[in-house]
Amino acid sequence: MIQKSQLSHPGGIHIHQSNVQQAVGVQRNKTHPILRNMKRSKYLYMIFFLPFCYYVLFHYWPMYGIIIAFKDYNIVKGIAASPWVGFVHFKKFLVDPYFWKLIRNTLLINVYEIFWAFPAPIVLALLLNELKSQKLKKFAQSVSYLPHFISTVVVCGMIVNFLTTDGLVNQFISWLGGTPVHFLMKPEWFRTIFISSGIWQSVGWGSIIYLAALTSVDEELYDAAKIDGANRWKQLLHITLPGIAPTISIMLILNIGKLMSIGYEKIILLYNGSTYETADVISTYVYRRGLLGSDFSYATAVELFQAIVGLILLVSANRLSKKISETGLW
């Protein structure tokens with residue numbers, strides 16, 4: 001009689017049932033590791049599915065259109081049937097009379113933003129971190145966050161209304177005895193208006209990441225510094241800033257990577273023919289040539305040129321940061 005825990009082999013060999021189950025389990029583990037993992041983490045994959053579809057449809061699939069930059073694109077023939085022209089559109093942009101003006105304006109606006117707008121959230125986060133009253137801290141945070149949720153169209157409408165000749169700003173200037181200035185018609189004022197309004201709109205929201213970084217600074221370091229006689233300023237210089245330095249480095253690298261790119265929406269809503277000298281950037285030029293002028297191949301080549309230069313700047317800034325501070329994106 002054969003026991004239940006054993007199986008009889010035709011050759012008279014007895015195989016233990018548990019060994020058979022283990023063998024089958026091992027075989028199953030070797031055969032379907034991916035499916036087993038997906039089944040175990042199915043809810044996480046369900047959460048991941050929608051963002052995955054978004055990036056595939058709106059970020060990766062449109063990359064196919066990049067080849068328009070190397071073709072004489074005809075909307076009737078389509079992308080595949082349009083003839084290849086190589087780097088003709090890139091060469092055309094390099095000799096374009098607008099080339100250096102576009103490069104200069106794009107770089108200057110982004111450099112000024114790094115110089116003025118980049119430190120603003122850091123300073124605000126440090127100031128909020130020093131507040132002892134939690135109620136006052138929450139109120140200040142809420143007030144600084146609110147402009148971020150105002151749409152760009154509304155912000156530009158507010159700027160236009162405030163800075164017209166009969167706007168609030170010029171009324172105040174007249175009250176002080178000055179002469180009203182049409183700020184939006186002056187090329188020398190455009191960058192100041194653009195960057196200062198951007199700081200007001202984004203400083204509170206940008207401070208969130210630095211406030212989160214400040215929570216990771218060890219409180220025992222502050223206690224030890226107080227025992228050694230360090231005041232608040234010394235604690236800021238030798239504990240707080242070094243503690244959030246990696247976060248600052250990463251954010252600076254990302255900003256350097258965007259030196260050659262800038263959103264066109266706000267500029268289009270604020271600039272006009274009299275401010276083209278300082279307001280016209282690569283993205284607005286692409287908008288005019290591509291969408292308004294229907295020169296899709298040329299506009300795509302200009303945008304691709306901008307993206308390649310931005311990628312070079314990002315990689316260079318990351319390597320430099322890793323050499324100096326051993327902190328980088330990868």
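The expected span of a helix is 1.5 Å times one less than its number of residues. Keep that rule at hand for the exercises below, which use a predicted model.

**Exercise 1. A helix and its length**

Work out what span helix α9 (residues 152-163) should have at 1.5 Å a residue, and compare it with the distance between its end C-alpha atoms.

*Solution.*
- Step 1: Helix α9 has twelve residues.
- Step 2: At 1.5 Å a residue, α9 should span 16 Å, because the rule takes one less than the number of residues.
- Step 3: The end C-alpha atoms of α9 are 16 Å apart, which agrees with the expected span.

**Exercise 2. The two sides of α9**

Find which residues of α9 are buried, decide how they are arranged around the helix axis, and say what they pack against.

*Solution.*
- Step 1: Buried means under 20% relative accessible area. In α9, Val155, Cys156, Ile159 and Leu163 are buried.
- Step 2: Looking down the axis of α9, we find these buried residues within an arc of 95°, so they line one face of the helix.
- Step 3: A helix rule helps here: an α-helix has 3.6 residues a turn, so residues three or four places apart point the same way.
- Step 4: Val153 and Asn161 are exposed, on the other side of α9.
- Step 5: The partners of the buried residues of α9 are α10 (168-175), α11 and α14.

**Exercise 3. One residue of α11**

Is Gln201, at 13% relative accessibility, buried or exposed, and which residues does Gln201 touch?

*Solution.*
- Step 1: Gln201 is part of helix α11.
- Step 2: The cut-off for buried is under 20%, so Gln201, at 13% relative accessibility, counts as buried.
- Step 3: Leaving aside residues up to four places away in sequence, Gln201 touches Pro147, His148, Ile150, Ser151, Thr152, Val155 and Lys266. One of these, Val155, is also a buried residue of α9.

**Exercise 4. The largest pocket**

Describe the largest pocket: how much space lies in it, how many residues line it, and which element gives the most to the lining?

*Solution.*
- Step 1: The space in the largest pocket is about 970 Å³.
- Step 2: Its lining has 29 residues, and those nearest the centre are Glu113, Gly198, Ser202, Asn255 and Lys258.
- Step 3: Two or more lining residues come from each of α6 (99-117), α11 (187-214), α13 (232-257) and α14 (264-270). With eleven residues, α11 gives the most.
- Step 4: By kind, the lining has 15 nonpolar, ten polar and four charged residues.

Technical notes. Residues numbered from 1 in each chain as written. Predicted model: local features only at pLDDT ≥ 70, side-chain atom pairs only at ≥ 80, totals over all residues. Heavy atoms only, no water. 1 Å grid on protein atoms, 1.4 Å probe; cavity = no way out; pocket = protein on both sides within 12 Å on 5 of 7 lines; lining within 4 Å. Points joined across faces, edges and corners; volume = space filled by probe spheres on them. Helix = DSSP H or I, 4+ residues; strand = E, 2+ residues; numbered from the N terminus. Nonpolar A, V, L, I, M, F, W, Y, C, P; charged D, E, K, R; others polar. Buried < 20%, exposed > 50% of the residue type's maximum accessible area, 1.4 Å probe, protein only. Arc of directions from axis to C-beta. Contact = heavy atoms within 4.5 Å.
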